[in-house]
Amino acid sequence: MILYNYGCACGNRFEAFVANMSAPNPSCPECGGETNRMPARVNFGGQADPGPSRDELPRSWRGVGNGDRETIRHFQRVTERREKLEEKYPELAGDRRPVLAHEGIFEKRPLRAGDDIATAVKEAAAAAKAVPEGEPK
Ligand SMILES: [Zn+2]
């Protein structure tokens, strides 16, 4: 479910959850009229809203309103904003290296391309094994 802001020609503004990005806009709760999706508010409790993560951005033609120009422009802006934010706060981008192993001891701490294997195995084994309190790590 995704929370969007909607606006109606009658002036009503409201938020609604929809199943996905290509879901039809809900009708206006005030007048029942057609609504338009509005850009999300930027302010989020004083902090910059990081916006949707890359995985939440539309990848398909349908996801951008069958190529609706306004929708595409909106998501281009969202993506650019996200990229700028990730430049400033790399932790938001997460680890984007390909995962080589994610089973067994790598369940909690996946092995990624570029990891030093010996170190990764040691760390993953330590993370997989719960260390009882009071014992040295
Ligand atoms: Zn309305």
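The following paragraphs describe the fold and selected local features of a predicted model of a single chain.

The model contains 3 helices and 7 strands. Along the sequence, these elements succeed one another in the pattern β-β-β-β-β-α-α-β-β-α. Five strands thus precede the first two helices, after which two further strands lead into the last helix, as that pattern shows. Burial is limited: 7% of the 137 residues of the chain count as buried. With respect to contacts, among those with a separation of 6 or more, 25% join residues that lie 24 or more positions apart.

Confidence in the prediction varies along the chain. The mean pLDDT of the chain is 77, and a score of at least 70 is reached by 74% of the residues. Among the elements, strand β3 (residues 35-38) has the highest mean pLDDT, at 89, whereas strand β4 (residues 43-44) has the lowest, at 46.

Strand β3 also takes part in an open sheet, which is formed by 3 strands in the order β2-β1-β3 with antiparallel pairing. The edge positions are held by β2 (13-18) and β3, each of which pairs on one side only. From one strand to the next, the twist averages 45 degrees. In general, the strands of a sheet pair through backbone hydrogen bonds, in either a parallel or an antiparallel arrangement. In the present sheet, strand β1 (residues 2-8) and β3 are joined in the antiparallel sense over 4 bridges. Within this part of the model, Y6 stands opposite R37 of β3.

Helix α1 spans residues 69-88 and comprises 20 residues. The distance from its first C-alpha to its last is 29 Å, close to the 28 Å expected at 1.5 Å a residue. Because the number of buried residues in α1 is 1 of 20, this helix lies largely in the open.

A second helical region of interest is helix α3 (residues 117-128), in which A125 is found. A125 has 13 C-beta neighbours inside 10 Å and therefore counts as partly exposed, a residue being classed as exposed at 12 or fewer such neighbours and as buried at 20 or more. A125 is separated from F106 by 19 residues in sequence, and the C-alpha atoms of A125 and F106 are 7.7 Å apart in space.

Definitions and conventions:
Residues are numbered from 1 along each chain as its sequence is written. This is a predicted model: local features need pLDDT of at least 70, side-chain atom pairs count only at pLDDT 80 or more; totals for chains, interfaces and linings use all residues. The expected span of a helix is 1.5 Å times one less than its number of residues. Two residues are in contact if their C-beta atoms, placed from the backbone, lie within 7 Å. pLDDT is the predictor's confidence in each residue, from 0 to 100. Two strands pair if DSSP finds at least two bridges between them. Axes are lines fitted to C-alpha atoms, for helices over the stretch in contact, and angles run from 0 to 180 degrees between N-to-C directions.
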